[in-house]
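Thank you all for coming this morning. I would like to take you through one structure slowly, so please have the sequence and the picture open while I talk.

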Amino acid sequence: MKFLELMKKKGIVAAHRGARSIAPENTLLSLQKSIGRCDFVEIDAQLSKDGAVVVMHDDTLQRTTDVTEIEVFKNRAPYRVCDFTDDELLMLDYGSWFKQNSGHKEPLLTLRIALEFIKENSMFINIEIKDMSNSFADKIVVRAVAKEIEDAGVHERVLLSSFRHEYLREAKKILFNVPTAALFEGSVQDNLLEYLKDLEVEACHFDDASADEKKVKMLREAGYAVGVYTVNSAKRAKELFAMGVNYIFSDSLDKELKKYAL
Ligand code: G3P
Ligand code: MG
């Protein structure tokens, strides 16, 4: 099966940042723990100072690493990911901050390692490209991500998404067989269908508060897949799937949620 087929199914559950309720988010451990608990995983990708694609959600390193405890980095506030080289990021621990990890260290997850893992385990992955327009040209960002997908040979296992829709437009030029999804938070364009057609995306991802029946129906009838983030309540999952939402992004991959997804 290709991602394009998976995303058109109903009742799909995605592991948001990996299985982040039981493992530190966006780490290899969080991908390992998501096996058997979801239909695909979602991760966040951004670039290091020297252009390596690394898997991390926040623009800065404090929340999910031990950067503030490392002597050589003491003058590097505000600890922006894009101000650290790949070699520097490799020095950090991405696991100890997570309370359930009880001091267990986790190494940096690069997109390369994540994609190799997906391939080895026959999984599917949504790579959300974080908005790095303040630090890198759009083409540089998209080419770096595309190179990893090409090198790993996982075109059929990937869905690309971003709040920065220019990346999706750029991606279609070089990865024409990889599906893309426009991420929205809050309001959408008045002429949404025309806008999406022009972007050539296959899907839309909305925040839970902005997902309503009218919009979901309109998009599904127009042939788009619809995903909603972040949904941790089984009751809400049931409502969204009944509305026609194809997939939800969830932190809590428990059986109750999955019951409504099947
Ligand atoms: O891609 C869906 C969701 O992950 C978007 O929000 O901030 O968790 O990356 P965020
Ligand atoms: Mg994300």
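Let me begin with a term that we will need straight away: a polar contact here is a pair of N or O atoms within 3.5 Å. Please also keep in mind throughout that what you are looking at is a predicted model.

With that term in hand, let us go to ligand 1, where an oxygen atom of the ligand lies 2.7 Å from an N or O atom in the side chain of His 16. The side chain of Glu 42 also has an N or O atom at 2.7 Å from an oxygen atom of ligand 1, and a polar side-chain atom of His 57 is likewise 2.7 Å from an oxygen atom of this ligand. Taken alone, ligand 1 would expose 290 Å², and the protein buries 90% of that area.

Which residues surround ligand 1? The shell consists of His 16, Arg 17, Glu 42, Asp 44, His 57, Glu 128, Lys 130, Leu 183 and Tyr 229, and by class these residues divide into 2 nonpolar, 2 polar and 5 charged.

Some of those names come back when we turn to ligand 2, which is a magnesium ion, and whose protein donors are Glu 42, Asp 44 and Glu 128, lying 2.0 to 2.1 Å from the ion. If you follow these donors along the sequence, their spacing reads E-x1-D-x83-E. Glu 42 belongs to strand 2, residues 40-47, while Glu 128 belongs to strand 4, residues 125-129, and so the pair ties together parts that are 86 residues apart in sequence. Are these two residues buried or exposed? Glu 42 has a relative accessibility of 3% and therefore counts as buried, and Glu 128, with a relative accessible area of 6%, is buried as well.

Arg 17, which we met in the shell around ligand 1, has another partner, in that the side chain of Ser 30 reaches the backbone oxygen of Arg 17 at 3.5 Å. Ser 30 itself sits in helix 2, residues 28-34, and it counts as buried, at 0% relative accessibility.

Now to the backbone, with a reminder first: most residues other than glycine have a negative phi, and most peptide bonds are trans. In this model the peptide bond from Ala 77 to Pro 78 is cis, with omega near 10°, and Pro 78 is found in the loop between strand 3 and helix 3. Tyr 79 lies in the loop between strand 3 and helix 3 too, and its phi is positive, near 60°; with a relative accessible area of 9%, Tyr 79 is buried.

A cis peptide bond also joins Tyr 229 and Thr 230, where omega is about -20°, and Thr 230 lies in the loop between strand 8 and helix 9. Glu 200, in the loop between helix 7 and strand 7, has a positive phi of about 65° although it is not a glycine.

Let me finish with helix 8, residues 213-221, whose buried residues are Lys 215, Val 216 and Leu 219. These cover an arc of only 100° around the axis, which puts them on the same side of helix 8. On the other side of helix 8, Glu 213, Lys 214 and Glu 221 are exposed. As a general point, an α-helix has 3.6 residues a turn, so residues three or four places apart point the same way.

Methods: Residues are numbered from 1 along each chain as its sequence is written. Chains are lettered from A and ligands numbered from 1 in the order in which they are written. This is a predicted model: local features need pLDDT of at least 70, side-chain atom pairs count only at pLDDT 80 or more; totals for chains, interfaces and linings use all residues. Side-chain values use heavy atoms; hydrogens and water are left out. A residue is near a molecule or strand if one of its heavy atoms lies within 4 Å of it. A polar contact is a pair of N or O atoms within 3.5 Å; within protein, one must be able to donate a hydrogen and the other to accept it, and residues adjacent in sequence count only if both atoms are side-chain atoms. Accessible areas come from the Shrake-Rupley method with a 1.4 Å probe; for residues, only the protein chains shown count as cover. Ala, Val, Leu, Ile, Met, Phe, Trp, Tyr, Cys and Pro count as nonpolar, Asp, Glu, Lys and Arg as charged, and the others, Gly among them, as polar. Donors are N, O and S atoms within 2.8 Å of the metal (3.2 Å for Na, K and Ca); water is not among the atoms, so sites may look incomplete. Helices (H or I, at least four residues) and strands (E, at least two) are DSSP runs, numbered from the N terminus. Buried means under 20% relative accessible area, exposed over 50%, partly exposed in between (1.4 Å probe, protein chains only). The arc is that of the directions from the helix axis to the C-beta atoms.
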